[in-house]
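Here's a protein model to look at together. Let's go through it with a few questions and work out the answers step by step.

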Amino acid sequence: KRGCGGGQRNRGLTPPARLGAGLGAAGVLLAIYLVVFYWSEPLHWQGLLMLLLPDQLVREWMGGSPQRIAVLDRVPMLLAAAGLLAMAGLIGVQWLRWLRVDRLLTPGEQAVFGGAAGLHAVSLWTLAAGLAGQLHRPWLVVAPPLLLAAWSAVRILWPLIGRAREANGRAGPAADQDDLGDRETGGGPVPPASQHWRSERYLAWLLVPLAVVLLAGGALPPSEFDVREYHLQVPKEWQQEGRVTFLPHNVYGNMPLGAEMPALLAMAAWPAPDGWWWGALVGKLVIAACSLLTAAGLYTAGCRFLNRTAGLLAALLYLSVPWVAHVSMAGLNDGVVGMYAFLAIYAGILAVDNTSGSSRRLALLCGWLAGAAAACKYPALLLLVVPLSGWVLLAGCRWPGRQAANPETLDQRTPGRRFGGLQPVRWAVFAAAVLLSCGLWYGKNWVLTGNPTYPLLVSVFGGSTRTEAKDQQWRQAHQVPRDAQGRSYTPAQLGGSLSQIGWRSPWIAPCLVPLALLGLAGWRRWPVVSPLAAWLAFYVLVWWLVTHRIDRFLVPALPAAALLAGAGAVCCDGRVWRAIAVAAVGWSVLAGLTIISSRAFPADNRFLVALAELRPDLSDPRDPDFCFTNPVHDWLNRHVPDGGRVLLVGDAQPFDLRVPALYATCFDTNPLESIVDAHATAAERRAALRAAGITHVYIQWSEIDRYRGPGNYGFSSRITRSLVRDELVESQQVLRQLSLEQELGLDPERSELFEVLAE
């Protein structure tokens, strides 16, 4: 081929050579990243050592001995969780039909969107029943959604059965072959890239062990501090009280808890006396299953916007992220927020890409899911609802060159056709759906505390129990971190945060970040890349500018990052890159699976041990160094008399207590402090404790000291060792210390247990 001057040949690289050079550079950069990744954090490689000791890994799962294996005790709560999810899914799919958006979605999308939308509907119903004080009437709480689900099942399944009978009547070999072809292509043309990746479909089998580990961890008793303090403790208190109400001793319990309502529903429905405990495990399983629903959403999004292989790889990468596994198995709600956020963005993109009537109905679905995220956590208002609101209002033109994976399910229009600018009606529909979705939570707080965002914005709204000092303590604990010079926004801090996100965090996947960055290069080829990248940039920017920069708060953004990583994995169809991408994703999944199922991961991995042993979780010689519960709680469960109550000071994790307990978080006033300040004499203090039914007082000095440490949350200066030991014990003889050093191994400098004296 001649050049343009003097007959000289073009000495530039040919397209194949440029492609090869690019792939080589990408492979080298990926290798360098992995070296830095594994060099920077021991947890990244410690878990991989278990690959050399698979027998040790299995021994950990059984708690050190085969004699402890018992898994059939999980069956009742697995069935309950599956039934709850099926009920929610049927309601959600029928709601999509009422909304008339089902024809715009593939069957897989209907299942994903219906499952999420229906789960939030069931959550809102549980909240409404709790506010009405009906939690002690399980039939009233469970019957309405169950009957609606049954009616939805009939409406959904009966036409399908009729069509199946008609098809069987005229079916033949040719018809069977045609049906198989439709199932293979999803009812439309397969995007070109997926034709070259069919040999990688075996990767789908890796979803099975990931799902098993997540569900097995979700079926374990809670061990995470926040879960035992409020995520499951608050539903427990509401169930025992019979209503959803204000909790002056637990500031976290007055925030939106939409992700925890399935646990409350299960608690109300499960037979007494330990229905609250079994219901809590059902709720944990539902939270774990939400990550699987998110993975399904990633697959359907990949099929629609990218190709099937990209969706599969995105789902695999997402489930293999240790952060995702941690919040899923522990019972934290970040994964649920991420599910609602990703599906809201998904629906928002579909809303922008359709005609006005369909666009408004999809905007309603988008608003419902965005409101669901805001019903789980306050930050979703700023991080999700605000940018989506602008997107729904301003985005008004069809993406150029758009090709749908399933054209039969989308409005048919010429690519590149513009259909409007500002969309105020669509925005109004979106806003109304958001208000309908999360308004009950914010209205509850407004009525009960005078502050719809309690305990936030106290300077604007005020709020019950929120004094100026307590508000200052809260804001100081949640402020943007400062360095030694009191600065919050320096290049060094920015670099530290970016490195934490990029490779230093112990709980990120090896190949998620580099593949997601590579996916950005496909913004021209795949229009979905631009809105996802813009939202991720907005999310990280707000996270860095206005939050206290805890990397767990980035978990809701991981589904979008995983879809970008799926795009990066299929950015090239060549054999060399296909081998690199498959190896990278396979290694990431293997590394994540090994870490989250081993003891290198800071979570419980005794997946096969009987729940009867894990509930008290007493020290066992077969596994002596693995115990999550407080032995004092087990002692109190066995020794507090009927009608008695224990007062916890410093200890804010009363979930395992079966006896009545009084406690307070570090941001609330402890009852002991209130009694001491209100009464001066020994007789008055003793009478006040007895009037409250308190027979024992447990003080966890180690927690109090931790709260008072530099940079921590703080704790009331009124509770001191001198007050308790010198005044309440020695001088006034209100309390008597119980010597349990021998029985429980208590260190008096770390924790003490007292009995309230009668006279």
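Q: In which helix is the place of Pro 145?
A: Keep in mind that this is a predicted model. If you follow the chain to residues 138–170, you're in a helix, and Pro 145 has its place there. That helix is H6.

Q: Is Pro 145 buried or exposed?
A: Look at who sits around it: leaving out residues up to four places away in sequence, Pro 145 touches Met 87, Ile 91 and Trp 125. Its relative accessible area comes to 7%, and buried means under 20%. So Pro 145 counts as buried.

Q: What separates the C-alpha atoms of Pro 145 and Leu 84?
A: Along the chain, these two residues are 61 residues apart. In space, their C-alpha atoms are separated by 9.6 Å.

Q: In what order do the five strands of the open sheet come?
A: The pairing in this sheet is mixed. E1 and E3 pair in the parallel sense over five bridges, while E3 and E5 run antiparallel and are joined by four bridges. The edge strands, each pairing on one side only, are E2 (661–662) and E4 (735–737). Put together, the order is E2-E1-E3-E5-E4.

Q: Which residue in E5 is the bridge partner of His 696?
A: His 696 has partners to find in two strands. Towards E1, Val 646 has His 696 as its bridge partner in E3. Over in E5, Val 697 is matched with Phe 754, and the bridge partner of His 696 is Glu 755.

Q: How many of the six residues of E3 are buried?
A: Check what packs around this strand. Helix H28 (residues 631–639) lies across E1, E3 and E5, running at about 175° to E3. Helix H30 (residues 682–691) also packs on the sheet, touching E1, E3, E4 and E5, with its direction at about 100° to that of E3. E3 is mostly covered, and the number of buried residues is six.

Q: Why does Cys 376 have no bond to its closest cysteine sulfur, and which residue holds that sulfur?
A: Cys 376 is buried, with a relative accessible area of 2%. A disulfide needs the two sulfur atoms within 2.5 Å. Here the distance is 8.4 Å, which is too far for a bond, and the closest sulfur belongs to Cys 290.

Q: How many disulfides does a search of the whole structure find?
A: Try Cys 571, which is partly exposed at 31% relative accessible area. Its closest cysteine sulfur, in Cys 572, is 6.1 Å away, so that's too far for a bond. For the whole structure, the search comes back with zero.

Technical notes:
Residues numbered from 1 in each chain as written. Predicted model: local features only at pLDDT ≥ 70, side-chain atom pairs only at ≥ 80, totals over all residues. Heavy atoms only, no water. Pairing = 2+ DSSP bridges. Contact = heavy atoms within 4.5 Å. Axes fitted to C-alpha atoms, helices over the stretch in contact; angles between N-to-C directions. Buried < 20%, exposed > 50% of the residue type's maximum accessible area, 1.4 Å probe, protein only.
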